[in-house]
Amino acid sequence: MTNGGCLRCNGSLEPGFLIDRTHMGFTAQAMWASGDPQPTALLAFSVVASQSDTRNVVTYRCVDCGRLESFAP
């Protein structure tokens, strides 16, 4: 994913992920979706169109300065 150190300070990067919290309090790994959000109703559970390409988001954190770098492989 990443080919070196932090872009800010050149420190070491550790892999991790961001947590998305739903309106019901459940947690899930953050995801990336192609296109624009498509809200379907006031209480819609999803804003992702069915034809969207979705990918899990992997986030690296610099152990020295705390900078985050996210990727959707």
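# A tour from strand β7 outward

Start by selecting E69, which sits in strand β7; strands here are DSSP runs of E with at least two residues, and helices are runs of H or I with at least four, both numbered from the N terminus. The model is a predicted one, in which local features need pLDDT of at least 70 and side-chain atom pairs count only at pLDDT 80 or more, while totals for chains, interfaces and linings use all residues. Residues are numbered from 1 along each chain as its sequence is written, and side-chain values use heavy atoms, with hydrogens and water left out.

**Stop 1: E69 and R67**

E69 is buried at 10% relative accessibility; buried means under 20% relative accessible area, exposed means over 50%, and partly exposed is in between, with a 1.4 Å probe and protein chains only. Show the residues around E69: leaving out those up to four places away in sequence, E69 touches G5, C6, L7, L13, V58, T59 and Y60, where contact means heavy atoms within 4.5 Å.

Now add R67. Its side chain and that of E69 form a salt bridge, 3.1 Å from N to O; the term covers a side-chain nitrogen of Lys or Arg within 4 Å of a carboxyl oxygen of Asp or Glu. R67 is partly exposed at 26% relative accessibility.

**Stop 2: the β6 and β7 hairpin**

Select both strands. β6 and β7 pair in the antiparallel sense over 4 bridges; strands count as paired if DSSP finds at least two bridges between them. To check the register, pick V58, whose bridge partner in β7 is F71. Then go to the turn: the hairpin has 5 residues between the strands, and G66 takes a positive phi near 85° there.

**Stop 3: the aromatic pair**

Which rings pair edge-to-face? A search of the whole structure finds 1 aromatic pair. Select Y60 and F71: their ring centres are 6.0 Å apart and their planes are at 75°, so the pair is edge-to-face. The rule takes rings of Phe, Tyr and Trp (its six-membered ring) with centres within 6.5 Å, and calls planes under 30 degrees apart stacked, over 60 edge-to-face and the rest tilted. Y60 belongs to β6 (residues 58-62) and F71 to β7 (residues 68-71), so the pair ties together parts that are 11 residues apart in sequence. Colour by accessibility: Y60 is buried at 12%, whereas F71 is partly exposed at 26%.

**Stop 4: the nonpolar core**

Keep Y60 and add C6, L13, V58 and C62; these 5 residues form the largest nonpolar core. Such a core is a set of buried Ala, Val, Leu, Ile, Met, Phe, Trp, Tyr and Cys residues joined through side-chain atoms within 4.5 Å. β6 supplies the largest share of the core, 3 residues. The strand is mostly covered, with 4 of its 5 residues buried. From C6, display its contacts beyond four places in sequence: G11, L13, C62, C65, R67 and E69.

**Stop 5: β1 against β6**

Move to L13, in strand β1 (residues 13-16). L13 counts as buried, at 18% relative accessibility. Its bridge partner in β6 is C62, and β1 and β6 pair in the antiparallel sense over 4 bridges. Draw a C-alpha to C-alpha distance from L13 to R61: the two residues are 5.3 Å apart in space and 48 residues apart in sequence.

Next, show the side chains of E14 and R61, which meet in a salt bridge of 2.7 Å, N to O. This pair links distant parts of the chain, with E14 in β1 and R61 in β6, 47 residues apart. E14 is partly exposed at 32% relative accessible area, and R61 is partly exposed at 35%.

**Stop 6: the loop before β5**

The last selection is S52, in the loop between β4 (31-33) and β5 (54-56). Is S52 buried or exposed? At 17% relative accessibility, S52 counts as buried. Its side chain reaches the backbone oxygen of S34 at 3.3 Å. With neighbours within four places in sequence set aside, S52 is in contact with A33 and S34.

Finish with D53 and R55, which form a salt bridge with closest N and O atoms 3.1 Å apart. D53 is partly exposed at 32% relative accessible area, and R55 is partly exposed at 33%. The salt bridge count comes to 3.

Conventions:
A polar contact is a pair of N or O atoms within 3.5 Å; within protein, one must be able to donate a hydrogen and the other to accept it, and residues adjacent in sequence count only if both atoms are side-chain atoms.
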